[in-house]
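Please look at the sequence and the three-dimensional structure together before reading on. The report then turns to the ligand and its surroundings.

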Amino acid sequence: MSFTKLPESSVHGLWAARWIFILAAAGSAIGLGNIWKFPYITGMYGGGAFVMVYLLCVLFIGMPIMVAEVMMGRRARAAPINAVQKLAQESGISRRWGLLGWMGTLSGFLILSFYSMIAGWALYYVLLLAQGTFTAGTADTVKTSFDGLLANPGLMLLWHSLFMAMAIFIVARGVNAGLERATRVMMPALIVLLFALVGYAMTTGHFMDGVHFLFDVDFSKLTPQAVLVAMGHSFFTLSLGMGAIMAYGAYMPREHSIGRSVLTIAFLDTAFALLVGLAIFPIVFANGLEPASGPGLMFVTLPLAFGNLPAGALVGTVFFVLVVIAALTSAISIAEPFVAWAVEKGMSRLVAATIIGATSWFLGIFSILSFNWLAGDEYKLFGRTFFDNLDFLTTNILLPLGGLLIAVFAGWAMKETKVMKELEMKNQAVYIAWRIAVRIVAPLGILLVMLNFLGVL
Ligand code: TRP
């Protein structure tokens with residue numbers, strides 16, 4: 001049996017410290033998923049019961065899988081495709097497991113294409129708010145602006161291109177001090193602004209409506225699709241199921257606790273999402289808007305709120321700048337597995353990032369057209385546009401499937417001695433709980449949710 005000694009460092013370098021890994025991973029996790037997606041899907045799927053399923057998924061499925069991803073990445077110190085192959089070899093099992101790495105890397109490539117489009121919208125909103133477009137605006141005027149953007153493919157393409165260029169620029173420079181420093185400044189600022197927004201939401205007189213909407217559990221609203229979406233979102237928001245966190249784990253210094261780091265990252269991400277919900281929904285209700293209005297929620301309700309805040313244009317501009325930065329620190333982590341793999345194959349980072357970015361950018365054009373030229377029913381598949389299908393396929397199918405395979409790999413396929421060596425969990429009870437989660441709870445949970453959705457159960 002061949003045995004390769006696994007490396008102490010990666011060819012891409014290491015994070016300078018444990019807290020930088022935590023911040024980078026939190027930067028990956030906190031993104032459009034928290035600010036744009038969580039509020040609107042919670043709105044669409046009816047609130048409290050949906051939120052509860054999402055929280056359960058984070059706790060029992062998401063966090064154990066995040067531990068598995070970090071463990072696998074750090075043990076192999078390579079991009080996910082190579083990491084899974086190396087670990088399979090180390091444990092003396094089939095190298096075909098590398099397909100798991102490929103599936104994840106491909107999912108990331110697909111996600112990047114539409115993630116950049118949405119982040120592009122946020123970029124455009126920086127400009128709109130800075131111009132005072134929404135000052136003293138009404139629900140009608142903000143809605144008209146957003147609909148105008150969606151109807152204009154050229155405008156969307158412009159901002160999509162700009163965002164993709166920014167993300168690729170950063171990835172091309174490597175996972176290094178530039179990114180780390182930006183994250184360090186911007187993440188706290190984002191949190192401060194969020195608290196300010198929650199504060200504003202408290203003054204609307206509808207704060208408790210928001211609280212009830214988020215936390216009152218009404219199980220009659222839980223369709224199989226709602227449960228699937230809640231689970232898919234728990235993967236999306238924690239950046240799991242495709243190897244982004246695995247790639248970041250590959251750069252984590254050896255001497256730090258994986259378990260505690262994951263706890264911090266998941267806490268930050270979840271708290272962030274809930275706070276965004278507490279900021280947005282009271283504003284929605286105060287203005288008599290529809291919580292189930294879909295992807296436009298952030299681009300309609302927030303500008304409306306800012307337009308009627310003292311100094312709202314300024315605060316709103318800063319907020320959307322920060323949304324863009326949150327999206328940037330996520331987008332680079334979505335691209336990193338593919339780029340790192342190409343670099344390990346001998347390509348220069350610049351070339352790798354450019355090729356991968358350009359192809360993903362091109363694919364993004366079809367998501368852009370989903371809102372205008374290709375919006376008609378004759379272009380829909382399964383009743384959904386190209387964008388809706390891509391989002392559904394990646395978030396609700398590929399990420400959970402990737403997560404399932406990662407759990408099986410870490411729980412059943414890898415040799416336990418290797419796993420334990422990498423995790424070095426001091427607390428036996430925590431280790432056993434994790435082990436049960438990746439071997440049984442997470443795979444079974446994912447399977448049940450998926451089968452239930454397919455109508456088999
Ligand atoms: N978690 C990020 C968000 O919520 C998006 C993201 C970053 C992601 N890396 C990922 C999603 C990997 C899926 C897989 O916006």
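What follows describes the ligand, the residues around it and the space that holds it, in a model that is predicted.

## The cavity

A search of the whole structure finds four cavities of 30 Å³ or more, and the largest cavity contains about 150 Å³ of space. This largest cavity has a lining of 19 residues, and those that lie nearest its centre are Ser-28, Tyr-115, Phe-236, Ser-239 and Ile-334. Two or more residues of that lining come from each of the elements H1, H2, H5, H10 and H14. Sorted by class, the lining consists of eleven nonpolar and eight polar residues, with no charged ones.

## The shell around the ligand

The ligand sits in the largest cavity, and 17 residues surround the ligand, with Ala-29, Leu-32, Gly-33, Tyr-115 and Phe-236 coming nearest. At least two residues of this shell are supplied by each of helix H1 (18–29), helix H2 (32–44), helix H5 (98–130), helix H10 (224–237) and helix H14 (312–344). The shell divides into nine nonpolar and eight polar residues, and charged residues are absent from the shell.

## Polar contacts and burial

A polar backbone atom of Ala-29 lies 3.0 Å from a nitrogen atom of the ligand, while a backbone N or O atom of Gly-33 is 2.7 Å from an oxygen atom of the ligand. The side chain of Asn-34 also takes part, with an N or O atom 3.4 Å from an oxygen atom of the ligand. Taken alone, the ligand exposes 360 Å², and the protein buries 100% of that area.

Technical notes
Residues numbered from 1 in each chain as written. Predicted model: local features only at pLDDT ≥ 70, side-chain atom pairs only at ≥ 80, totals over all residues. Heavy atoms only, no water. Near = heavy atom within 4 Å. Polar contact = N/O pair within 3.5 Å; in protein donor to acceptor, adjacent residues only side chain to side chain. Areas by Shrake-Rupley, 256 points an atom, 1.4 Å probe, with all protein chains shown as cover. 1 Å grid on protein atoms, 1.4 Å probe; cavity = no way out; pocket = protein on both sides within 12 Å on 5 of 7 lines; lining within 4 Å. Sits in = over half its atoms within 2 Å of the grid points. Helix = DSSP H or I, 4+ residues; strand = E, 2+ residues; numbered from the N terminus. Nonpolar A, V, L, I, M, F, W, Y, C, P; charged D, E, K, R; others polar. Points joined across faces, edges and corners; volume = space filled by probe spheres on them.
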